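Thank you all for coming; I would like to walk you slowly through one structure this morning. Please have a look at it first, and then we will go through a few of its parts together.

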Amino acid sequence: MEYLFLSKSELATLGQSLPLKTGLDHAQALVELAWYWRQTDSRQALAWVEAGERGLAERRDQTPDAKLTAAIPSLQARLLLVRAELQFLAAELKPALQTALQAEARFETCQDLAGLGDAQWLCAQILEDSGQAGAAAAAMDAAQTTYQAAGDADRLHALQARRLTRSVFEDPAAAAKALQQSFAPERHWPLPVAFWVSSAHGLVCAMTGDPAASIKHFLRAYEVGLDMGQLRFALVAGSNAAESFLRLGDLDTALTMHEEQLLLGRQVGWPASLGLCLFKLGSAMRALGRLAEARGFLQESAQQLAKVPGSRSQAQVLVELAELELADGHCASAAEAFEALLAQRDVKLSADLLLIAHLGQAAALLQLGQQQAASAAAATALNLAKNLGDVLGQVKALQIAAQMPDAAHLQCLQQALALASTIKGYAATPELLQQLAAAEAAAGQHQAAYEHGLAAHQAYCNSQTAAVQRRSVALRVKYELEQAQAQTALHRQAAEALRETNATLESLGAMGREITACLRAESVFETLHKHVDQLLDASCFLVFMVAEPPAGEVAEGQLLLSYGIENGRALAPETLALDGDSVLARCAREREELLINLAPESDGAPRQIPGTLNTMSLLFGPLLAGDRLLGVLSIQSPHQHAYGDRERFIFKALCAYGAIALDNAAAYTRTEAAQQQTHAALLELRRVQRDLIEREKLAALGSLVAGVAHELNTPIGNSLLVASTLQSESASLALALQQGNLRRSQLDQFSGAAENACSMLVRNLARAAELVSSFKQLAADQTSERRRAFSLQQTCQELALTLKHLLERDGHSLRLDVDERLTLDSYPGPLGQVLSNLVLNAIRHGFDGRHGGVMTLSAHAQGSHHVLLKFEDDGHGIAAEHLDRIFEPFFTTRLGQGGSGLGLHVSYNIVSNVLGGNITVSSVVGQGTSFTLLLPLVAPVAGPLPA
């Protein structure tokens with residue numbers, strides 16, 4: 001999921017398909033909806049965010065879907081980013097930045113580069129509105145680097161176009177060149193890229209004296225913004241288009257558009273957006289001389305923009321309010337306002353706004369008679385305009401400086417006129433020419449004054465002509481836009497019709513899947529009725545099924561009413577002859593759809609059967625499974641001409657789905673009986689399998705008992721021999737003592753023998769006790785499935801001891817290489833059974849017919865959570881054609897020779913289902929076989945051993 005932007009048609013399709021989605025698709029759809037609505041309807045977006053967060057929290061604990069589990073962190077981060085943007089739109093800048101940084105950290109953790117770049121871009125916007133231009137630029141740089149790393153061309157282009165939009169204010173010419181090189185306006189760009197490209201082209205045209213072209217670009221950006229639900233950006237583009245109409249002299253269109261933007265701004269209620277709309281309309285009112293109305297809009301704008309201190313919009317409205325005071329003749333208030341504005345640190349004025357402020361301050365101070373302060377302000381403005389390369393700003397500063405009492409009036413104005421002539425496409429204003437003519441007349445240069453006076457008059461006439469031309473251009477642009485909008489509306493209608501068709505097809509597909517999933521005829525009827533009722537006018541819904549004659553009878557087929565609902569009431573069963581006169585029978589015979597539209601009764605003779613629905617529109621369709629007729633479906637409506645082409649298309653599709661489902665249901669019914677017959681046989685087979693598996697387990701226990709007997713025989717036999725010897729010696733000593741001929745040497749000899757005998761008894765009995773203890777633990781493990789922590793090395797040693805007599809009998813050996821540090825929290829009994837099966841399998845099959853076989857059991861840690869066990873033998877090996885089957889139940893190469901074919905099958909099930917690991921085998925004929933077990937150090941919670 002790219003999470004860029006959806007169009008309105010795509011959003012509608014997504015919303016309609018949401019109930020049909022499951023798992024990962026459903027979760028992604030919720031997040032997409034929240035992402036789209038965040039700049040369209042904040043409340044709706046928040047509702048989607050909360051729904052998405054609840055759904056993801058539930059699925060995180062319950063879902064077995066690995067893909068969804070892996071996607072949850074990224075989806076949760078995306079929802080958090082939506083919350084951050086909602087806070088940003090509400091002018092909660094500090095909380096918004098904190099939330100955006102949290103989302104950025106989450107995206108970085110789950111390595112979602114697209115999400116990380118989006119979070120960095122939002123941080124840049126928040127910092128920009130907070131007046132932190134340097135930090136905002138750094139965040140933009142980070143986002144650009146992230147998008148490049150992600151290889152996300154669309155996001156990268158959108159960000160680059162956004163940055164060019166900002167650069168237009170600093171250097172329009174350079175920005176225009178960069179735009180033309182990177183973003184040709186005629187190219188078709190994705191929605192977010194198209195918005196910023198159109199906005200940048202519009203600004204370039206507006207700032208280079210081509211308002212007509214700027215309108216087209218701004219309106220294109222406005223339409224794209226609305227289409228992708230980005231109202232904040234759309235409001236900016238719409239307001240800029242209105243300003244361009246104002247420059248062309250189309251006041252009605254300009255004010256209408258400004259009022260539309262303000263209405264939309266009030267609907268969303270976002271302080272920055274509403275403040276911008278109020279500012280633009282107030283500025284337009286000031287330009288038109290409607291100062292009282294301008295004051296109201298600008299003051300309300302200042303109140304809204306105070307919630308986003310440090311933003312450019314706030315600085316613009318404060319400058320505009322100060323200029324309004326000057327335009328209204330309140331020079332003292334204007335001077336104070338400009339002075340306060342320039343002294344404020346919270347309001348950060350960009351270079352172009354600083355120039356306007358200094359020019360306004362100079363003009364206000366001049367009107368107040370404060371020539372020295374006015375001269376200083378004008379000089380500051382002139383230097384700033386020079387630094388900016390703003391020639392028009394220099395001209396305005398020189399015009400103000402020329403009004404100072406002690407200034408070189410003529411020199412300043414001549415310099416201003418010379419500068420104005422260097423501006424391409426710019427003509428000196430009548431005011432500048434009149435001011436120059438007056439200065440020349442005062443200096444006695446009457447000829448020059450006369451010429452400049454005529455030039456001023458001509459400039460005034462030219463300005464009037466230009467105003468008419470601009471008005472003409474505005475009308476032409478407006479006409480072209482209306483034509484384009486009409487064409488766009490037609491395209492949208494066509495697209496909407498296509499979208500509705502696609503949505504209908506998608507809905508029918510989902511309905512078809514649900515209908516055909518039913519395996520009972522009754523369920524098919526109910527599901528079919530439910531969906532028909534959703535899409536069509538079906539006050540009466542009938543399903544007649546073909547009833548074949550009993551076997552051996554030669555009778556005509558019949559139609560039996562299997563399901564009938566009329567106005568919510570079930571209809572009584574009914575039977576119709578297939579060769580009868582009813583429309584249903586005709587539809588069945590002809591196997592074609594029939595549509596009947598009845599006219600209202602006019603002859604006074606009632607056609608309606610009392611107590612039934614007065615139907616005016618009737619639609620019949622055959623239920624066909626290939627060439628076989630299953631029945632007839634009919635829907636009926638009390639309204640005239642209720643079923644057009646669209647309804648007939650839907651009805652035909654539902655008939656097809658219904659026929660497939662009913663055919664499947666019939667097949668299911670036929671096979672269900674056969675399944676029941678085989679069920680008893682399957683139960684018997686499973687009972688036999690369990691018996692064989694129990695025998696396999698008992699065989700392992702028998703080996704354990706044999707090992708116990710063999711190992712205990714030696715220490716107990718030794719103890720018995722020593723005890724009998726000691727008994728004989730004791731009897732001899734007692735006899736010598738009784739006869740009185742006991743010698744000291746005999747007593748010393750008996751004492752030494754008794755000491756040696758006791759020592760031997762202690763050693764042998766201790767060995768027997770140790771063996772009994774080990775065998776007791778091993779027997780308990782072998783006969784139970786209890787879980788405990790145990791040493792893997794000790795368990796393997798006990799197992800080797802148990803099987804020692806079997807190995808020595810045929811001269812085989814079992815070598816152990818087990819890390820003594822390995823401790824498992826698992827099931828030693830099942831593990832011992834697996835290892836016993838592997839050893840016994842090697843003895844029976846691998847070493848069949850030979851002596852001196854060598855087996856190796858090794859175990860070493862595999863990472864921090866697993867252990868790798870390897871059991872290897874140097875026996876005959878397993879043929880390649882048998883390797884894939886050795887874990888299958890009852891597979892053996894010694895059928896009838898004592899092999900059950902269940903040992904390795906049981907081992908496979910224990911490893912997979914009880915120990916939580918996996919077992920694999922490899923073999924080379926003549927070189928031996930190797931079994932590899934990868935087991936967790938901590939086994940999962942397991943049930944009983946699988947049968």
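Let me begin with H15 and H16, which are roughly antiparallel to each other, a term used for angles over 145 degrees, because their axes cross at roughly 155 degrees, coming within 9 Å. Helices here are DSSP runs (H or I, at least four residues), numbered from the N terminus, and H15 covers residues 291–305 while H16 covers residues 312–327. The contact, meaning heavy atoms within 4.5 Å, includes Leu291, Ala294 and Leu298 of H15, together with Val317, Leu321 and Leu324 of H16.

I should say that this is a predicted model, in which local features need pLDDT of at least 70 and side-chain atom pairs count only at pLDDT 80 or more, whereas totals for chains, interfaces and linings use all residues. Residues are numbered from 1 along each chain as its sequence is written, and side-chain values use heavy atoms, with hydrogens and water left out.

Turning to the interior, the largest nonpolar core has 108 residues, and Trp121, Phe183 and Phe195 touch the most other members. Such a core is a set of buried Ala, Val, Leu, Ile, Met, Phe, Trp, Tyr and Cys residues joined through side-chain atoms within 4.5 Å, where buried means under 20% relative accessible area, with a 1.4 Å probe and protein chains only. Helix H4, residues 66–89, gives the most to this core, with 12 residues.

Phe195, leaving aside neighbours within four places in sequence, is in contact with residues including Val224, Met228 and Phe233.

Key:
Axes are lines fitted to C-alpha atoms, for helices over the stretch in contact, and angles run from 0 to 180 degrees between N-to-C directions. Helices (H or I, at least four residues) and strands (E, at least two) are DSSP runs, numbered from the N terminus. Angles under 35 degrees count as roughly parallel, over 145 as roughly antiparallel, 65 to 115 as roughly perpendicular and the rest as oblique. Buried means under 20% relative accessible area, exposed over 50%, partly exposed in between (1.4 Å probe, protein chains only).
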